Amino acid sequence: MAYHSGYGAHGSKHRARAAPDPPPLFDDTSGGYSSQPGGYPATGADVAFSVNHLLGDPVANVAMAYGSSIASHGKDMVHKELHRFVSVSKLKYFFAVDTAYVAKKLGLLVFPYTHQNWEVQYSRDAPLPPRQDLNAPDLYIPTMAFITYVLLAGMALGIQKRFSPEVLGLCASTALVWVVMEVLALLLGLYLATVRSDLSTFHLLAYSGYKYVGMILSVLTGLLFGSDGYYVALAWTSSALMYFIVRSLRTAALGPDSMGGPVPRQRLQLYLTLGAAAFQPLIIYWLTFHLVR
């Protein structure tokens with residue numbers, strides 16, 4: 001019996017012994033411990049040795065230098081292609097505006113009949129920026145007016161319970177496409193009329209984009225006073241824009257030197273100017289009549 005009792009006690013001790021913990025799946029690297037066997041923290045000497053070894057490796061240095069050269073070359077290519085299609089310096093000229101210029105220009109677009117001097121001012125054979133010359137075209141007002149027109153169209157469609165992202169996107173894309181088509185038509189007309197001037201694509205884009213101001217006023221008046229107010233505002237803004245386009249293109253854009261050519265060429269220039277001006281009310285009406293009911 002003693003033997004069996006001792007055997008049972010010995011077996012109890014074996015059964016009471018806890019099983020060892022399973023090994024961790026990942027090494028604990030918190031608190032600066034490295035993944036070295038034994039879990040000892042990496043010393044400063046080891047880190048410094050690794051860094052010095054990486055920096056001192058000639059292959060790594062060559063790879064870093066090669067990567068820097070590729071990045072620099074890619075940046076130069078991007079700038080080169082950008083300057084190839086868009087002149088950044090010329091584009092900055094059309095955005096050189098201030099608050100006083102914007103206020104005066106908006107007043108000129110709404111009521112241009114009392115303005116006397118329409119010639120663009122020059123300084124050392126270079127045109128003055130818009131903030132120094134009211135007659136200089138800009139792209140700031142057309143850009144802001146286009147954004148405002150899209151927002152106003154969304155509000156008008158929401159009031160009429162017709163708003164949807166697709167309809168708003170269609171309004172924005174249609175307004176942009178009409179301006180692009182107008183600029184292309186003007187470029188073709190200038191080429192066919194052989195007009196010699198400093199008129200660039202940015203100039204035409206600026207003059208074509210001023211119609212957004214009249215569109216905003218027409219839609220806003222229509223929302224406040226109904227269809228009658230819309231048509232009154234449409235007639236006023238259209239006539240003002242036509243007068244502005246004719247005077248600007250004949251004086252500021254085409255210039256006085258282009259008026260001294262042969263009579264047929266002068267007639268073509270006159271027809272081109274009048275055609276560009278007469279086209280403005282049609283575009284304004286087409287892009288705004290569906291927003292007022």
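**Figure 1. Two tilted aromatic pairs involving helices 7 and 10.** At 26% relative accessibility, W178 counts as partly exposed in this predicted model, and F279, at 32% relative accessibility, also counts as partly exposed. The structure holds 17 aromatic pairs. In the pair formed by W178 and F279, the ring centres are 6.2 Å apart and the planes stand at 55 degrees, so the pair is tilted. W178 lies in helix 7 (residues 165-193) and F279 in helix 10 (residues 263-288), so that this pair ties together parts that are 101 residues apart in sequence. The rings of W286 and F289 have their centres 5.9 Å apart, with their planes at 40 degrees, and therefore this pair too is tilted. W286 is partly exposed, with a relative accessible area of 47%, and F289 is partly exposed as well, with a relative accessible area of 34%.

**Figure 2. Overview of the chain and its elements.** The chain contains 10 helices and 2 strands, and from the N terminus on its elements run α-α-α-α-α-β-β-α-α-α-α-α. Of the 293 residues in the chain, 33% are buried. Where contacts join residues at least 6 apart in sequence, 73% of them link residues that are at least 24 apart.

**Figure 3. The aromatic cluster and the largest nonpolar core.** One aromatic cluster is formed by F111, Y113, W118, Y207, Y210, W236, Y243 and F244. Y210 and F244 of this cluster also appear in the largest nonpolar core, which has 47 residues and in which Y149, Y210, Y212, F244, I245 and L291 touch the most other members. Two or more residues of this core come from each of helix 5 (99-110), helix 6 (140-159), helix 7, helix 8 (201-209), helix 9 (211-253) and helix 10, and the element that gives the most is helix 9, with 12 residues. Leaving aside its neighbours within four places in sequence, I245 is in contact with Y207, T273, A276, A277 and Q280. A second, separate core of 6 residues includes Y93, A136, L139 and A206.

**Figure 4. The crossing of helix 7 and helix 8.** The axes of these two helices, helix 7 and helix 8, come within 9 Å and cross at roughly 130 degrees, and the two helices are therefore oblique to each other. The crossing of helix 7 and helix 8 is right-handed. On the side of helix 7, the residues that take part are V179, E182, V183, L186, L187 and L190, and they meet T201, L204, L205 and S208 in helix 8.

**Figure 5. Burial of helix 8.** In helix 8, 7 of the 9 residues are buried, so this helix is largely enclosed by the rest of the structure. The buried residues are F202, H203, L204, A206, Y207, S208 and G209. Among them, L204 and S208 belong to the residues that meet helix 7, whereas Y207 belongs to the aromatic cluster and is in contact with I245. A206, also buried in helix 8, is one of the residues of the second, separate core.

**Figure 6. P281 and its surroundings in helix 10.** P281 is found in helix 10. Leaving aside neighbours within four places in sequence, P281 is in contact with S238 and M242. P281 and M215 are 66 residues apart in sequence, and their C-alpha atoms are 9.6 Å apart in space.

**Figure 7. Two residues with positive phi in the loop between strand 1 and strand 2.** Most residues other than glycine have a negative phi. R124, although it is not a glycine, has a positive phi of about 60 degrees, and D125, likewise not a glycine, has a positive phi of about 65 degrees. R124 has its place in the loop between strand 1 (122-123) and strand 2 (126-127), and D125 lies in the loop between strand 1 and strand 2 as well. R124 is exposed, with a relative accessible area of 83%, and D125, at 77% relative accessibility, also counts as exposed.

Technical notes: Residues numbered from 1 in each chain as written. Predicted model: local features only at pLDDT ≥ 70, side-chain atom pairs only at ≥ 80, totals over all residues. Heavy atoms only, no water. Phe/Tyr/Trp six-rings, centres within 6.5 Å; stacked < 30°, edge-to-face > 60°. Helix = DSSP H or I, 4+ residues; strand = E, 2+ residues; numbered from the N terminus. Buried < 20%, exposed > 50% of the residue type's maximum accessible area, 1.4 Å probe, protein only. Core = buried A, V, L, I, M, F, W, Y, C linked by side-chain atoms within 4.5 Å. Contact = heavy atoms within 4.5 Å. Axes fitted to C-alpha atoms, helices over the stretch in contact; angles between N-to-C directions. Parallel < 35°, antiparallel > 145°, perpendicular 65-115°, else oblique. Left-handed = near helix turned anticlockwise from the far one by under 90°.
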